[in-house]
Amino acid sequence: MLSKAALLALLAPCAAVPPTVTLRNGVKMPMLAAGVYQFNSSTAYESVTNAIKAGFTQIDTALDYWNQDGVGRAIKDSGIARDQIFVETKIPGCANPEENTTRNPLTCYKDAVKNLDSNLEQLGLSYVDLVIIHFPPFPSFVTRSCNTASGGCKMVKQQWQAMEEFYKANKTRAIGVSNYCPSCFECLKDTEIFPMVNQLMYHAGMGVDPKSFFSYDKSHGVVTQAYSALGNTPWTKQANPELLHGNMTTKIAQNHKVSTVQVALKYIVQKGIPAVTKSTSLAHLQSDLDLWSWDLNDDEVAVLDAYKSKAWFDNPSFACDKFEDALVI
């Protein structure tokens, strides 16, 4: 018998199920995920519950969001079969002084193993669909690169060893990274399993291929996934007002009788890039999903491509940006 939440999910009006992108190992990942960044556990529970009601098939969370118990309870209470919900989570990068679960640069592998298992414990799941390393090791924040001199490359390899073992143990269906620049990927070029996903900041105003990260990912068989689809100011953590209320997106939204948020999300997914959005509102989540019944025309895409954000912090990775080889020895 379906639970009340599952019945409501079936009765709630919702947009079509998002299409998927196929990862290198054949796993299909939805093109749109509901995120829970900045939510506490109870708010995350509400958001995920409404996201599933709206028709979302992917949830994006992280160990360092400190809300995975709420996410896990919402998934369980939904009554939806586990294999119908794509769960993506993250572990922190190594040697970050702000993360007490991975602070010691000498225990990157050990901490990664512990954090990966903590994800499953907090979520109350036997496996996740995708787990990614949230950001490169902390030294890369200083050098803007994963390289031998900073010790970053060694830390990357240690964490990735734990990721490969987690994958081989069938505790996740796919593995990847986030905020990785090409120099960090170069540290992993001789690994058995190369990252399948790289989650980066991306939104209109950053150009077609910011810092050539996207073309690098594509050339290496890595699926780029976008976070902060509406922009994200570092202090207020709020969306870019120009994307939310500006004349450019407002005019395009009026042309299609949609919201400016939908325009911002559509700009990304129409390029074939999976995106993450978030809201606690059922109505807003339903609106966010309505991206595949209409298309931006060529002129509108050109306008959004040409728009240049004035924000200095609009980088695909907040951690590193160097493209050169990692100087691995």
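Q: Which residues of helix H3 (residues 68-78) are buried in this model?

A: Happy to start there, and keep in mind that the model is predicted. An α-helix has 3.6 residues a turn, so residues three or four places apart point the same way. In H3, the buried residues are Gln68, Gly70, Val71, Gly72, Ala74, Ile75 and Ser78.

Q: What follows H3?

A: Look at the backbone there: glycine 79 comes after H3, and its phi is positive, near 80°.

Q: Where is proline 105 found, and how do I read its exposure?

A: Begin with the secondary structure: proline 105 sits in the loop between strand S5 (86-91) and helix H4 (108-123). Then turn to accessibility, where partly exposed covers the range between the buried limit of 20% and the exposed limit of 50%. Proline 105 counts as partly exposed because its relative accessibility is 37%.

Q: Which residues does proline 105 touch, leaving out those up to four places away in sequence?

A: Its contacts are Cys94, Ala95, Met155 and Gln158. You can also compare sequence with space: proline 105 and glycine 151 are 46 residues apart in sequence, and their C-alpha atoms are 8.9 Å apart.

Q: What is the volume of the largest pocket, and which residues are closest to its centre?

A: The largest pocket has a volume of about 1,500 Å³. Of its 46 lining residues, Tyr37, Tyr227, Ser228, Asn232 and Lys237 are the closest to the centre.

Q: Which elements give two or more residues to that lining, and how does the lining divide by residue type?

A: Those elements are strand S8 (197-201), helix H11 (260-269), strand S10 (275-277) and helix H12 (282-289). H12 gives the most, with three residues. By type, the lining holds 20 nonpolar, 18 polar and eight charged residues.

Notes: Residues are numbered from 1 along each chain as its sequence is written. This is a predicted model: local features need pLDDT of at least 70, side-chain atom pairs count only at pLDDT 80 or more; totals for chains, interfaces and linings use all residues. Side-chain values use heavy atoms; hydrogens and water are left out. On a 1 Å grid over the protein atoms alone, a cavity is a set of points where a 1.4 Å probe fits but cannot get out, and a pocket is an open set with protein on both sides within 12 Å along at least five of seven lines; lining residues have an atom within 4 Å of a point. Grid points are joined across faces, edges and corners, and a volume is the space filled by probe spheres set on the points. Helices (H or I, at least four residues) and strands (E, at least two) are DSSP runs, numbered from the N terminus. Ala, Val, Leu, Ile, Met, Phe, Trp, Tyr, Cys and Pro count as nonpolar, Asp, Glu, Lys and Arg as charged, and the others, Gly among them, as polar. Buried means under 20% relative accessible area, exposed over 50%, partly exposed in between (1.4 Å probe, protein chains only). Contact means heavy atoms within 4.5 Å.
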